[in-house]
Amino acid sequence: MNFREIADLCAGYGAETAFNEPLAPYTSFKIGGPCDCMVKVNSRECFGAAVKYCRSKNIPYYIIGKGSNILVSGEGLRGVVILISSAFSAITVEGEHITCEAGAPLCRVCIAARDNCLTGIEFAYGIPGSAGGALYMNAGAYMGEMSQIVESAEYIDENGEIKEIALKDMDLSYRHSIFSEKNLPIVSVKIKLNKGEYDKINDRMNCLMDRRKNAQPLEYPSAGSTFKRPQGDFAARLIDVCGLKGTSCGGAEVSTKHSGFVINKGNATFEDVLGVIDIVKEKVYADTGVMLECEVLILK
Ligand SMILES: Cc1cc2nc3c(=O)[nH]c(=O)nc-3n(C[C@H](O)[C@H](O)[C@H](O)COP(=O)(O)OP(=O)(O)OC[C@H]3O[C@@H](n4cnc5c(N)ncnc54)[C@H](O)[C@@H]3O)c2cc1C
């Protein structure tokens, strides 16, 4: 495959491009070999053109936001990585609405909401993803999730056109969306919040951030909760009762601070993380009959 053409196409929009770019620095796990070509899309036009080009040439492509919910193979990825760059992350507040370009970091969206005395998105403070990645995953925490605040979004349809989609058509459920089901690129996300009081919003954000810091092994690279919540239970509780806390494989380990996290304790490989995941799934299934499902997306 020749990637010069797509690199030139995106460079024409002022986007940075790279060949054989290692992916580890673009993921919160700090794991992942090189991709053939990376384009750091910096605008909706560039994003649309990159997706359209890859589709028209049948070139495999992967969209990466903040890389906080993915585990990438040490072999890297063949094809094009479309990285949603920080240049494509504008946040616009209008009344009780906030429109976020795909790359807008959730923490910045939360701060913009607070600074405009808007309440409803405090739950997302501390989720280290982008607006696009959060909608794709229907990210959530502390009883909140994207489905409660999203009003509409823009995405790139099958013909490469940018279309608007309303909440009711997004099929949002636990860590699922129409975007993940149909692999639709998200261009922007519009959320609707409510008027609130700055101090209350600020206190709630700080309180939730403290809970995270106390409960989660944020000092180590990870992709957050490794497993989805099984029906009526918690993955971390099951992992605990099966005595799997601290189970390790090479540099990967079930965190002793929070069993729901597999962490990279230092130089963990893709295989190390998969090794821990397999051990956990097998033992939890054998002891409890529950088959855990990965929340982390495995890219290879
Ligand atoms: C320490 C830590 C804590 C976390 N806590 C939480 C939590 O409380 N709740 C929670 O839900 N998650 C949590 N996560 C997981 C993660 O932050 C979320 O899933 C987040 O929404 C992923 O966003 P991202 O931009 O990093 O997506 P990425 O990891 O870059 O991508 C995830 C998926 O979304 C797709 N994607 C990304 N951007 C787009 C786009 N613009 N268009 C189409 N597809 C796109 C990618 O192709 C990929 O399939 C945590 C992770 C970490 C490391």
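User: Which residues of helix 2 are buried?

Analyst: Good place to start! This is a predicted model. A residue counts as buried when its relative accessible area is under 20%. In helix 2, the buried residues are Cys46, Phe47, Gly48, Ala49, Ala50, Val51, Tyr53 and Cys54.

User: What covers the buried residues of helix 2?

Analyst: Look for the elements in contact with them. The cover includes helix 1 (4–11) together with several strands, among them strand 2 (34–41), strand 5 (77–84) and strand 13 (186–192).

User: How far apart are the end C-alpha atoms of helix 2, and what span should its residues give?

Analyst: The idea is to allow 1.5 Å a residue, so the 13 residues of helix 2 (residues 44–56) should span 18 Å. The end C-alpha atoms are 18 Å apart, which agrees. After the helix comes Asn58, which has a positive phi, near 60°.

User: Now the ligand. Which residues come nearest to it?

Analyst: There are 33 residues around the ligand, and the nearest are Ile63, Gly65, Ser68, Ser130 and Gly140. By class, this shell holds 17 nonpolar, 13 polar and three charged residues.

User: Which element gives the most to the shell around the ligand?

Analyst: That is helix 4, with five residues.

User: Where do polar atoms of the protein and the ligand pair up?

Analyst: Look for N or O atoms within 3.5 Å of each other. A backbone N or O atom of Gly140 is 2.7 Å from a ligand nitrogen atom. For Tyr136, a polar side-chain atom lies 3.4 Å from an oxygen atom of the ligand. Taken on its own, the ligand has 960 Å² of accessible area, and the protein covers 94% of that.

Conventions. Residues are numbered from 1 along each chain as its sequence is written. This is a predicted model: local features need pLDDT of at least 70, side-chain atom pairs count only at pLDDT 80 or more; totals for chains, interfaces and linings use all residues. Side-chain values use heavy atoms; hydrogens and water are left out. Helices (H or I, at least four residues) and strands (E, at least two) are DSSP runs, numbered from the N terminus. The expected span of a helix is 1.5 Å times one less than its number of residues. Buried means under 20% relative accessible area, exposed over 50%, partly exposed in between (1.4 Å probe, protein chains only). Contact means heavy atoms within 4.5 Å. A residue is near a molecule or strand if one of its heavy atoms lies within 4 Å of it. A polar contact is a pair of N or O atoms within 3.5 Å; within protein, one must be able to donate a hydrogen and the other to accept it, and residues adjacent in sequence count only if both atoms are side-chain atoms. Accessible areas come from the Shrake-Rupley method with a 1.4 Å probe; for residues, only the protein chains shown count as cover. Ala, Val, Leu, Ile, Met, Phe, Trp, Tyr, Cys and Pro count as nonpolar, Asp, Glu, Lys and Arg as charged, and the others, Gly among them, as polar.
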